[in-house]
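Colleague: I am new to this model and would like a close look at a single part of it. Please take me through the metal site and its surroundings slowly, with each term explained as it comes up.

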Amino acid sequence: MSGLKSALRAISAPYEPDLVMAQARALSRQIPLMYIMLVINSLILAGSYVGSAPVAMTVYVPGALTAICVGRLIFWWRRRNRVISVDRARRTLNSMLWITGPLALGFTGWAISLYPYGNAYQQSHIAFYMGITTIGCMFCLMHVRAASLIVATCVLVPFTVFFSFTGHPIFTALAVNMVVVVVALLVILLGNYRDFNALVASRSAIVQRQQETQRLSDENDRLANVDTLTGLPNRRSFDRHLAARLADAPPGGIAVALIDLDSFKSVNDIFGQITGDRVLVEVAHRIDTLRRPGSFLARLGGDNFALIMDGPTSETLLQVTGDLICHALRSSFELPGATIHLTSSVGFAASHVDDTAETLFDRADYATSVAKRDQRGKSVVFNDTHAQEISKVRMLEHALHTADLDKEMYILFQPQFDMLLKRTTGFEVLARWKSPILGEVSPMEFIPLAERTGMICKITQTVLRKALLVSKTLPRSMRLSVNLSAHDIGSATAIESIVALVESVGRPCRIDFEITETAVMRDLVQANDALLSLLALGARIALDDFGTGHSSLTHVQRLPLDRIKVDRSFVADVTHDPTSRAIVKTTIDLCRNLGISCVFEGIETEDQLHVLTGLGGSVMQGYLFGRPMREEMVHNHILTERREWGAEPAQYFGNTG
Ligand code: C2E
Ligand code: MG
Ligand code: MG
């Protein structure tokens, strides 16, 4: 049974789809050639027997065989360039295999049956015709092993048997010749077939590998362009789209909106990352349902989303869209175990002539930062005022970058008054910049700028150097407070330079440092190390602008602080706002519990002072006690104060004082 199966398999089309297709392709080129050769050779043989053999043998039989050949030739010729399915190709191959045997036997039978009618030449022609045509056909069928084998068997067996039994030694020799040649040819063709098979298999493997590589590359491409959390296009995809849309759009034809969630970090901190992720998915969904058809929404990363909108891009329209988005995101997020309230700041910019993707994005980004700064939870459309602000900042940036800090920077001193000791115990050192190009520039302008551009560390060095020079001339008990920025605290090298500068003046150290909550929050470990290095100098550390940052009381407890400076916004309201008063009271209690002192900033009125002292405050700083003053005024200030107590001024001044 299994022998029959393998015999059937040997004369059937192969299973492998790629091999079937390759064989069908090869045959469609070679089979028409084979039939042409077979027909011509047969007609020549028939022609050589006209007159010797009966008409049936020279006309009808070869005519019928030729008709079959021509039919098959047309069949193969028609499908030589046609794309067919594997099943169709397999069916064609099988039908060809089933026709090959009878056709080969038909031609063999016809040729042998001519033998009795011919003379020696004509009989030799039969042998030659059969041999040469068989070899030709086997060559044409070389890519289909089964077909070659069928032809070889169907011709060789009758040929050998017949010519061996003719009794003529020459024909017997011819039969042996034929066997040798056909067997040798079969060996070669079978080898070739194996190679062909292997080639097809390796080509299929290459194609499969290529397809797999393409699939992986497509998948990579998809992942590289999609934000996996929300399923929205990501930053890379956004950049590509923005550049493409800008290239096609007329001026003002598109607008970019950047949507930034306010205080999203605290959602992650309080409710955990998973809830944070759910909020982001919901935010993406809400913006998606609001966006105009055809606009492109992407998540740029973190809590930042962006929209690219096709025109119209009038300020009013953008403002309306922005308000809708802000309103949608203001509705509470009802999540399992948490109800979250958020606001978002949205910035819009419409495209200009000569805009690049970067310039358009930067304008939208600026509008977002204005919204965050001035109108948290609202939307801002970039306008001319913003453009002027930017060019002013650029001018400032350039002037600061090229400034001779030693020459252009100077420092002012603002007294800090102790209500219990009834005297000034120190001064806060405040940086001032007089640019030869821009004139006096407020620290509220150049300090944030210097922080952004990294220039702040140089400014700190300059301010500290100048403060150290002045400290030598002040009474020994008088301390100077120098403000440090987040960059100073966050960089080990900056702290090393500060320590080296203070040490170069010698001990005792009369410098204190003020740091802000946000500076500390960036990297608690580094901040702690930095503060310990400063404490080792004998400096004291004050936490500036307390209450305006986002730090928690645990951070305050963990840091080696000597004092807390309560921000002037609380002081300003302390006379009429019970909340401010409660915060002030809690802070005083906290300081008392921690054993550190509490300084109040920005005291301008007697009323404020009265309330603060009533709540237990003792160290005060503000215009009421003295505005920031020049060095010469500092000496005067101390002198007047001392004189009031009747002390001799000389003993309080100078390094040896
Ligand atoms: P700050 O460290 O909180 O400094 C106190 C600010 O409040 C100073 O403003 C001071 O002039 C102002 N001020 C003091 N008393 C009163 C008052 O009674 N009423 C009002 N309205 N204001 C008062 P200034 O000098 O403009 O400095 C602003 C900020 O710039 C400082 O706030 C500080 O954060 C930063 N800054 C100033 N100098 C430096 C510095 O050398 N380095 C660093 N990193 N930052 C500095
Ligand atoms: Mg300060
Ligand atoms: Mg302050």
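What spacing along the chain do the donors of the magnesium ion (ligand 3) follow?

Modeller: The donors of the magnesium ion (ligand 3) follow the spacing D-D-x55-E along the chain, where donors are N, O and S atoms within 2.8 Å of the metal (3.2 Å for Na, K and Ca), and since water is not among the atoms, sites may look incomplete. This is a predicted model, in which local features need pLDDT of at least 70 and side-chain atom pairs count only at pLDDT 80 or more, while totals for chains, interfaces and linings use all residues. Residues are numbered from 1 along each chain as its sequence is written, chains are lettered from A and ligands numbered from 1 in the order in which they are written, and side-chain values use heavy atoms, with hydrogens and water left out.

The protein donors of ligand 3 are Asp-544 (OD), Asp-545 (OD) and Glu-601, the last listed twice through OE, and they lie 2.1 to 2.5 Å from the ion. Asp-545 lies in strand E13 (residues 541-546) and Glu-601 in the loop between strand E15 (597-600) and helix H24 (606-615), so this pair ties together parts that are 56 residues apart in sequence. Helices (H or I, at least four residues) and strands (E, at least two) are DSSP runs, numbered from the N terminus. Asp-545 is partly exposed, with a relative accessible area of 24%, whereas Glu-601, at 11%, counts as buried; buried means under 20% relative accessible area, exposed over 50%, and partly exposed in between (1.4 Å probe, protein chains only).

The magnesium ion (ligand 2) is coordinated by Glu-428 (OE), Asn-483 (OD1), Glu-514 (OE) and Asp-544 (OD), at 2.1 to 2.2 Å, and in sequence these donor residues are spaced E-x54-N-x30-E-x29-D. Asp-544 bridges ligand 2 and ligand 3, which lie 3.9 Å apart. Because Glu-428 lies in strand E9 and Asp-544 in strand E13, the pair ties together parts that are 116 residues apart in sequence. Both Glu-428 and Asp-544 are buried.

Asp-544 also leads to ligand 1, since it is listed with Gln-414, Arg-568, Glu-604 and Tyr-623 as the closest of the 24 residues that surround this ligand, a residue being near a molecule or strand if one of its heavy atoms lies within 4 Å of it. By class, this shell has eleven nonpolar, five polar and eight charged residues, where Ala, Val, Leu, Ile, Met, Phe, Trp, Tyr, Cys and Pro count as nonpolar, Asp, Glu, Lys and Arg as charged, and the others, Gly among them, as polar. Strand E9 (423-435), helix H15 (443-453), helix H16 (456-471) and strand E13 each supply at least two residues of the shell, and the largest share, four residues, comes from E9.

Individual atoms give a finer picture of the surroundings of ligand 1. A polar side-chain atom of Gln-414 lies 2.8 Å from a nitrogen atom of ligand 1, and one of Asn-483 lies 3.1 Å from an oxygen atom of ligand 1. Tyr-623 instead places a backbone N or O atom 2.9 Å from an oxygen atom of ligand 1. On its own, ligand 1 has 790 Å² of accessible area, and the protein covers 87% of that; such areas come from the Shrake-Rupley method with a 1.4 Å probe, and for residues only the protein chains shown count as cover.

Methods. Polar contact = N/O pair within 3.5 Å; in protein donor to acceptor, adjacent residues only side chain to side chain.
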